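Hi,

Here is the structure I promised to pass on. Have a look at it first, and then read on for what turned up.

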Amino acid sequence: MDSPRDYYEVLGVAKDADSGTIKKSYRKLAMKFHPDRNPDNPEAEAKFKEASEAYSVLSDEQKRATYDRFGHAGLRGAGHQPGFQNSDEIFSHFSDLFGDLFGFGGGGGGRGRGRGGARGGSDLQYRVMIDFLEAIHGVSKEIEVPRAVICEPCGGDGAEPGSKPETCSTCGGVGEVIQSQMFLRIRTTCPTCRGRGSIIRTPCKVCNGQGRTREASKLTVNIPAGVSTGLQLRLTGKGDEGDRGAPPGDLYVLLEVREHDFFKRDGDDIFCTIPVSYPQACLGAKIAVPTVDGEEELDVPRGTPSGKVMTLRGKGAPRLGGRRGKGDQHVQVVVAVPEKLSPEEEEIIRKLAGLQNESVVKKGFLREFWDSITT
């Protein structure tokens, strides 16, 4: 018995090819040698099987690693039998891929289908605007979300009260049919009932046979402390309701935080700017500083330059993601210059200028600074 060909050679890819390249190559071979395109061609069928076998190994990380180390013998030692034993096996391995290749299979942005072709509910997204301090401390918000719900008059089956849906004779109520082509079986949506598994002869007048109506649902969203703009909260089962017997979708609440006039935030840290007087900067002072949790006392040392940043540890935003504690608050101290001076204040400042031997307007800088950059 001839030993099987090298799987990389079969697919025409290099041994370091990534999964995308392997899949792309297999797609081309499957399309080229598919039995439907090559009826009564045993050679094409054999190549199709060979390519499928190679892809089943190289698309599986564990099997590929074993094959790379030990070749075909290593796969047999690990219990892998070359080739597919029957059409069910090849279908179970590649139903998703063939659905993508040949246009079969369902789509959807919800929960798929339950038994009898019941459609799962779709996921929804809802934006919520909150204030800066609400984001820091956490808050509960009442929201009103338009969502699909089960139609009350018909109970969700879509039939006018007094009548009932009829089981689809094409799929027997399953919502899907299986098409057999050579050794390949492809599962597709029933063309008669379009996946519902039933036929509605007399549609409900309220929901037009859809089984669901749209209404605004009031929900409470508990927003944890420490959130920020862009964070998304998931409310399981609060999206659109599905058909009767199918699961609902989820609601994703996207948060947007308003900016604050005084506080700025970067990650878990809070930033602010505090004005101090010239005497306070020169002589030192204890000043009250607003934080997100109330006032805190900040010690301004003697000789503090304008623009200096000091830190209040643990006075920032709560940390999310299972991390304990809070960030810090960084306070920038800026010397405030009064726009107007009283005669007494002006006299004192002129005396100070004289004591510092500075004519105030000379070169536009303090003399020490000017001398430091010109010598």
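A word on naming before anything else: helices and strands here are DSSP runs, with at least four residues for a helix and at least two for a strand, numbered from the N terminus. In that scheme, E256 sits in strand β9, which covers residues 251-257. Please keep in mind that this is a predicted model.

Let me stay with E256 for a moment. Its relative accessible area is 34%, so E256 counts as partly exposed. V128 lies 128 residues away from E256 in sequence, yet their C-alpha atoms are 6.2 Å apart in space. Leaving out residues up to four places away in sequence, E256 touches R127, V128, M129, I130 and T229.

Now the overall picture. The protein has nine helices and 15 strands. Of its 375 residues, 35% are buried. If you take the contacts with a separation of 6 or more, 62% of them join residues 24 or more positions apart. The accessible surface comes to about 22,700 Å², and carbon and sulfur atoms contribute 49% of that.

On to a residue I'd look at next, R64. You'll find R64 in helix α4, residues 61-77. What is the nearest side chain of opposite charge to this buried residue? That would be D68, at 4.1 Å, and R64 has no salt bridge. The cut-off matters here: a salt bridge needs a side-chain nitrogen of Lys or Arg within 4 Å of a carboxyl oxygen of Asp or Glu. The R64 side chain does reach the backbone oxygen of K15, at 3.1 Å. Setting aside neighbours within four places in sequence, the contacts of R64 include K15, D16 and A17, along with Y8, I22, V57 and L58.

There is also a hairpin to find. Strands β12 (residues 285-291) and β13 (residues 294-300) form it, with two residues between them. The two strands pair in the antiparallel sense over seven bridges. To pick out one of these pairings, go to V289: its bridge partner in β13 is E296.

Last, a loop residue. N208 is located between β6 (198-199) and β7 (212-223). Its phi is positive, about 60 degrees, although N208 is not a glycine. Is N208 buried or exposed? It is exposed, with a relative accessible area of 59%.

Over to you!

Key. Residues are numbered from 1 along each chain as its sequence is written. This is a predicted model: local features need pLDDT of at least 70, side-chain atom pairs count only at pLDDT 80 or more; totals for chains, interfaces and linings use all residues. Side-chain values use heavy atoms; hydrogens and water are left out. Buried means under 20% relative accessible area, exposed over 50%, partly exposed in between (1.4 Å probe, protein chains only). Contact means heavy atoms within 4.5 Å. Accessible areas come from the Shrake-Rupley method with a 1.4 Å probe; for residues, only the protein chains shown count as cover. Lys and Arg count as positive and Asp and Glu as negative; His and the chain ends are not counted. A polar contact is a pair of N or O atoms within 3.5 Å; within protein, one must be able to donate a hydrogen and the other to accept it, and residues adjacent in sequence count only if both atoms are side-chain atoms. Two strands pair if DSSP finds at least two bridges between them.
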